[in-house]
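Subject: Structure handover

Hello,

Here is the structure we talked about. Please open it and keep it beside you while you read my notes.

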Amino acid sequence: MAHSDPIGTALERLRNGDVVAMPTETVYGLAGDALNPLAIRRIYALKGRPAGHPVIVHLGPDADPRQWGAISPVAQSLIDEFWPGPLTLIVPRHPRVPDEVTGGRSSVGIRMPSHPVAQDLLTAFGSGLAAPSANRFGRISPTRAAHVRAEFSDELYVIDGGPCAVGVESTIVDTTGDTPAILRSGSVLEASVTAIVGPLGASTTVAPGTLKSHYAPMTSLRISREPEAEAQRLEAAGLTVAVFAAPELTEHAQQLYAELRRLDALGVDVLVAEPAADEGLGVAINDRLSRAAHGFSTSQS
Ligand code: TXA
Ligand code: MG
């Protein structure tokens, strides 16, 4: 039964205040009832995430974002252009949103995913699902159901929605200040946001996903524009090395976390990753790569 009706199985768990893993177009999320503080605490406990980190509320295609926060004209224009899709908006919270979701802030992050399975689940649930990426705190985000299963016990129910089409987390735009600001880069590009709302401001909000060290493999990671030459240098020094050469941008984003996970499991001494071109989707890819490499001695050659 459990596998013949994944949405039904997940729904039953969610209604009991339990947590399930759901696919989205960006990465897999650990989802729980956004109005149930206990469910949110379960998400935190599973992730090993420190309290006070806010989580994004995911909304179904028919949901009214005004039930979650105040939607300014700027926020509405971004919603009209980019939802459903990989854009999270930070907006002033509605009073009914639990502190566990917002980390006690006066704002809340909301997004309407485009993944059909996430949409089916949200429509059936009929309310918002709070969901951070389905990885343990600080580790690599999951873009396949198998990534989630490898990181959590069998007790976590995972809906398999296939590989994530985007592969990096949603773009986050803070609309609570005088001028909208990008808190995290993603596949909705800065230029596309600017085209809708005009020049962006610098954000004063700190999003915990913007911690310098994040998305990290266990193996030491170096970033190099000449990965083969870098690998040869390291091998000459007696180290075992695996290289992640940059494919074309869309594929790079899709494969990024899967490749980091695969290479991390090889048991080599050092991973060498070639950065993407620093334009378009490459901005988000390089942002994740540099955070993944932070804390290891990196080479920027
Ligand atoms: O693509 C995504 O956004 C994925 C999928 C599952 O939807 N989710 C995701 O969630 O990346 P998470 O929790 O790993 O990252 C959410 C980011 C964090 O950096 C958090 O600080 C920020 O969103 N955030 C959420 N609510 C916020 C708020 N009220 N103010 C500032 N930042 C907020
Ligand atoms: Mg995350």
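Below are my notes on a few helices, two glycines, a proline and a loop residue.

First, the ground rules. This is a predicted model, where local features need pLDDT of at least 70, side-chain atom pairs count only at pLDDT 80 or more, and totals for chains, interfaces and linings use all residues. Residues are numbered from 1 along each chain as its sequence is written, chains are lettered from A and ligands numbered from 1 in the order written, and side-chain values use heavy atoms, without hydrogens and water.

Helices and strands are DSSP runs, numbered from the N terminus (helices: H or I, at least four residues; strands: E, at least two).

Start with helix α5, residues 116-125. Its buried residues are Ala 118, Gln 119, Leu 121, Leu 122 and Phe 125. Buried means under 20% relative accessible area, exposed over 50%, and partly exposed in between (1.4 Å probe, protein chains only). These residues sit on the same side of α5, because they cover an arc of only 165° around the axis. The arc is taken from the directions from the helix axis to the C-beta atoms. They pack against α1 (6-15), β1 (20-22), β2 (29-33), β3 (56-58) and β6 (129-130). Contact here means heavy atoms within 4.5 Å.

Now α1. Thr 9, Ala 10, Leu 11 and Leu 14 are its buried residues. Their cover includes β1, β2, α5, β6 and β7 (157-158).

Both helices are followed by a glycine with positive phi. Gly 17 comes just after α1, with phi about 80°. Gly 126 follows α5, with phi near 75°. Most residues other than glycine have a negative phi, and most peptide bonds are trans.

One peptide bond is worth finding. Trp 83 and Pro 84 are joined by a cis bond, with omega about -10°. Pro 84 lies in the loop between α3 and β4 (87-92).

How do α3 and α7 pack? Helix α3 (residues 73-82) meets helix α7 (residues 190-197) at about 125°, with the axes 10 Å apart. Axes are lines fitted to C-alpha atoms, for helices over the stretch in contact, and angles run from 0 to 180 degrees between N-to-C directions. The contact is made by Val 74, Ser 77, Leu 78, Glu 81 and Phe 82 of α3 and Ser 192, Val 193, Ile 196 and Val 197 of α7.

Last, Phe 137 is in the loop between β6 and α6 (145-151). At 31% relative accessibility, Phe 137 counts as partly exposed.

Best wishes
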